[in-house]
Amino acid sequence: MADVEATSGNVPSDDEEKEIEEMRRQVMEMEQELARENEAVAIAALAGHPSLGGASTTVDAKAANGHSGEAVASPNETSSSLQAGSNLDEDPDGRSIYVGNVDYGATPEEIQAHFASCGTINRVTILLDKFTGHPKGYAYVEFTQPAHVEAALVLNESLFRGRLIKVTAKRTNVPAFMRGT
């Protein structure tokens, strides 16, 4: 009798099977909704920014969950439409700019729109306070080509959301023990 009870405990009941099927259906609906939202964001980005050259962008979900302390707009993970050659593997700091005095309510999409005239943008990163999750007031914009950085530097002291922003080339942080002092 004990053997019968042990094996019957491993077989899900009809109620458990129905609950599992309902959960699977809900997950599938959520995945479909996410796909529709990603497609809508990509279409809106392409419609509003002809200089994007076919790159679809989304806000990275890791930032919303509090991972890595930053909000990121980056190429869609499932899309391979952004092909910039080997430049994406080489020195991202050489292709990036620092943007200071950014309004705390600014989104990566707004920053991307502001710098879209400078060239194709690979990623926009707004740094967040790791304890509060609030923006720190500065961002980094990574372009696909180093030449776009020079065009972006022209926007130094331009007006963005009612504030004069500071735009400089991103510097590479070298730890003190590597400086040679």
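1. A surface patch, as the word is used in this note, is made of residues with over 30% relative accessible area and no salt bridge, nonpolar side chains being joined within 5 Å. In this predicted model, V174, F177 and M178 make a nonpolar surface patch of about 360 Å². F177 belongs to helix α6, which spans residues 176-179, and at 71% relative accessibility F177 counts as exposed, the cut-off being over 50%.

2. As to the overall layout, the protein chain holds six helices and eight strands, and from the N terminus on these elements follow the order α-α-β-α-β-β-α-β-β-α-β-β-β-α. Of the 181 residues of the protein chain, 30% count as buried.

3. A charged patch also appears on the surface, where D14, D15, E16, E17 and E19 gather into a region of negative charge. D15, one of these residues, lies in helix α2, which covers residues 14-48, and with 60% relative accessibility D15 counts as exposed.

4. Helix α4, running over residues 108-115, has P108, I111, Q112, H114 and F115 among its buried residues. When one looks down the axis of α4, its buried residues fall within an arc of 160°, and they therefore line one face of the helix. In general, an α-helix has 3.6 residues a turn, so residues three or four places apart point the same way.

5. The salt bridges deserve a careful look, since a search of the whole structure finds nine of them. In one, D93 pairs with K170, the closest N and O atoms being 2.9 Å apart. Because D93 lies in the loop between β2 (70-75) and β3 while K170 lies in the loop between β8 (166-169) and α6, the pair ties together parts that are 77 residues apart in sequence. D93 counts as buried at 17% relative accessibility, whereas K170, at 27%, counts as partly exposed.

6. A further salt bridge joins E142 to R95, with 3.0 Å between the closest N and O atoms. This pair, too, links distant parts of the chain, for E142 is in strand β5 (residues 135-143) and R95 is in the loop between β2 and β3, 47 residues apart; both E142 and R95 are buried. R95 also has a spatial relation to A147, since the two residues are 52 apart in sequence but 7.6 Å apart in space, C-alpha to C-alpha. A147 lies in helix α5, residues 147-153, and is exposed, with a relative accessible area of 56%.

7. The side chains of E110 and R161 meet in a salt bridge at 2.8 Å, N to O, and this pair links helix α4, where E110 lies, with the loop between β6 and β7, where R161 lies, 51 residues apart. E110 is partly exposed at 31% relative accessibility, and R161 is partly exposed at 41%. The pair is also part of a network of salt bridges that links D103, E110, R161 and R163.

8. Two backbone angles should be checked by eye. Most residues other than glycine have a negative phi, yet N101, which is not a glycine, has a positive phi of about 60°. N101 lies in the loop between β3 (96-100) and α4 and, at 35% relative accessibility, counts as partly exposed. R161, met above in the salt-bridge network, likewise has a positive phi, near 55°, and sits in the loop between β6 (159-160) and β7 (163-164).

Technical notes. Residues are numbered from 1 along each chain as its sequence is written. This is a predicted model: local features need pLDDT of at least 70, side-chain atom pairs count only at pLDDT 80 or more; totals for chains, interfaces and linings use all residues. Side-chain values use heavy atoms; hydrogens and water are left out. Patches are made of residues with over 30% relative accessible area and no salt bridge: like charges are joined within 9 Å, nonpolar side chains (Val, Leu, Ile, Met, Phe, Trp, Tyr) within 5 Å. Accessible areas come from the Shrake-Rupley method with a 1.4 Å probe; for residues, only the protein chains shown count as cover. A salt bridge is a side-chain nitrogen of Lys or Arg within 4 Å of a carboxyl oxygen of Asp or Glu. Lys and Arg count as positive and Asp and Glu as negative; His and the chain ends are not counted. The place of a charge is taken as NZ of Lys, CZ of Arg, CG of Asp or CD of Glu. Helices (H or I, at least four residues) and strands (E, at least two) are DSSP runs, numbered from the N terminus. Buried means under 20% relative accessible area, exposed over 50%, partly exposed in between (1.4 Å probe, protein chains only). The arc is that of the directions from the helix axis to the C-beta atoms.
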